[in-house]
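Got the viewer open? Let's take a short walk, one selection at a time.

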Amino acid sequence: MTEFWLISAPGEKTCQQTWDQMMVATTRNNNLSTNNKFNIPDLKVGTLDVLVGLSDDLAKLDSFIEGVVKKVSQYMADVLEDSRDKVQENLLANGVDLVTYITRFQWDMAKYPIKQSLKNISDIISKQVSQIDNDLKARASAYNNLKGNLQNLERKNAGSLLTRSLADIVKKEDFVIDSEYLITMLVVVPKTSYVDWQKTYETLSEMVVPRSTNLLFEDHDSGLFSVTLFRKAIDDFRHKARENKYTVRDFQYNEQEMNADKEEMTRLSTDKKKQFGPLVRWLKVNFSEAFIAWIHIKALRVFVESVLRYGLPVNFQAMLLQPNKKNMKKLREVLNDLYKHLDSSAAAVIDSAMDIPGLNLSQQEYYPYVYYKIDCNLLDFK
């Protein structure tokens, strides 16, 4: 279960008392959740007007950063292709797994100095994550183009004999080259028709050179045969071949073109390998940066919302609950009982919602205590 509930409640006589009460209610009696204190430093409060405006801005920033965190992790899964099971071990924050980072959260004073105003801290985070988002778009676009071009070439070199590239199948000696009168054609013949082909190819049209057919390559269903004829009989031969359910491939032997294709494939393949390592490193570093920024925004939201709800001086305890999956509904009820005195209107809404089946309150998710969800399940495997 990788869902956390980040909540806060006002300090009773002390913040420790608030923590102890919550622990008794949720763990000692009934094992509803695993809890940790969530340490938020003494931030600069500023004016009430600023806090109200910031509350909205932080909500938007929260969902923007969550989107970037998910994009980076999903793109990591796309880039790792066959090693998708390795994705989770690359999704770290500050070198530790996400659950450890969140449960042991420490504010990063170097990145986000608390002497700055809340607005400034939020701007620093916003700029940082917007930069990651822009860089991701640019890097993903370049890598995807490369990958797409390589896949197109690989597709050309695979598939059935009717459509695939023949460059890696045929050799110079299979063809009559530079003849004014003769030409070698390539014909795809179903395996079930080999005997018929051998009997009839010389008489499909006039001017076919006797005993000039050779089987050059086979796949599951068909074979690629060469046959030599006079140039002036090309159209007639094509027509008759089609009537007999043989397919003449449009192909002229051109060594330069074929070499260019092979070189292009080698180049793309080398480029992809060269870009892979640095791209994965970039994704790891910037996933960590974005995730850390996201949790700091959650901390800012708890701080701002707690001051707006519980007033000054700043006196609240932030707590991180990891709900036991089977007991989530029960945990909500216990928290509601514990904190309904903080906001009777919220408690009344929740009580009535519990009586009305099918009424979904998750849109507003308003509780008597400050509450934000953190979902660490970031990967959406199709």
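Start by selecting strand β1, residues 3–10. Eight of its eight residues are buried, so β1 is largely enclosed by the rest of the structure. (Buried means under 20% relative accessible area, exposed over 50%, partly exposed in between, with a 1.4 Å probe and protein chains only; helices, H or I of at least four residues, and strands, E of at least two, are DSSP runs numbered from the N terminus.)

A word on what you're looking at: this is a predicted model, where local features need pLDDT of at least 70, side-chain atom pairs count only at pLDDT 80 or more, and totals for chains, interfaces and linings use all residues. Residues are numbered from 1 along each chain as its sequence is written, and side-chain values use heavy atoms, leaving out hydrogens and water.

Now show the side chains of β1: Glu-3, Trp-5, Ile-7 and Ala-9 point one way, while Phe-4, Leu-6, Ser-8 and Pro-10 point the other way.

Next, add β8 (residues 370–375), which runs antiparallel to β1 and is joined to it by six bridges. Look for Ser-8 opposite Val-370. Then add β7, also antiparallel to β1 over six bridges, and find Leu-6 with its bridge partner Leu-320. (Strands pair if DSSP finds at least two bridges between them.)

Last stop: helix α7, residues 234–243, where Ile-234, Phe-237 and Ala-241 are buried. They cover an arc of only 65° around the axis, which puts them on the same side of α7; the arc is taken from the directions from the helix axis to the C-beta atoms. Spin to the other side for Asp-235, Arg-242 and Glu-243, which are exposed. Just after α7, click Lys-245, with its positive phi of about 65°.

Conventions: Contact means heavy atoms within 4.5 Å.
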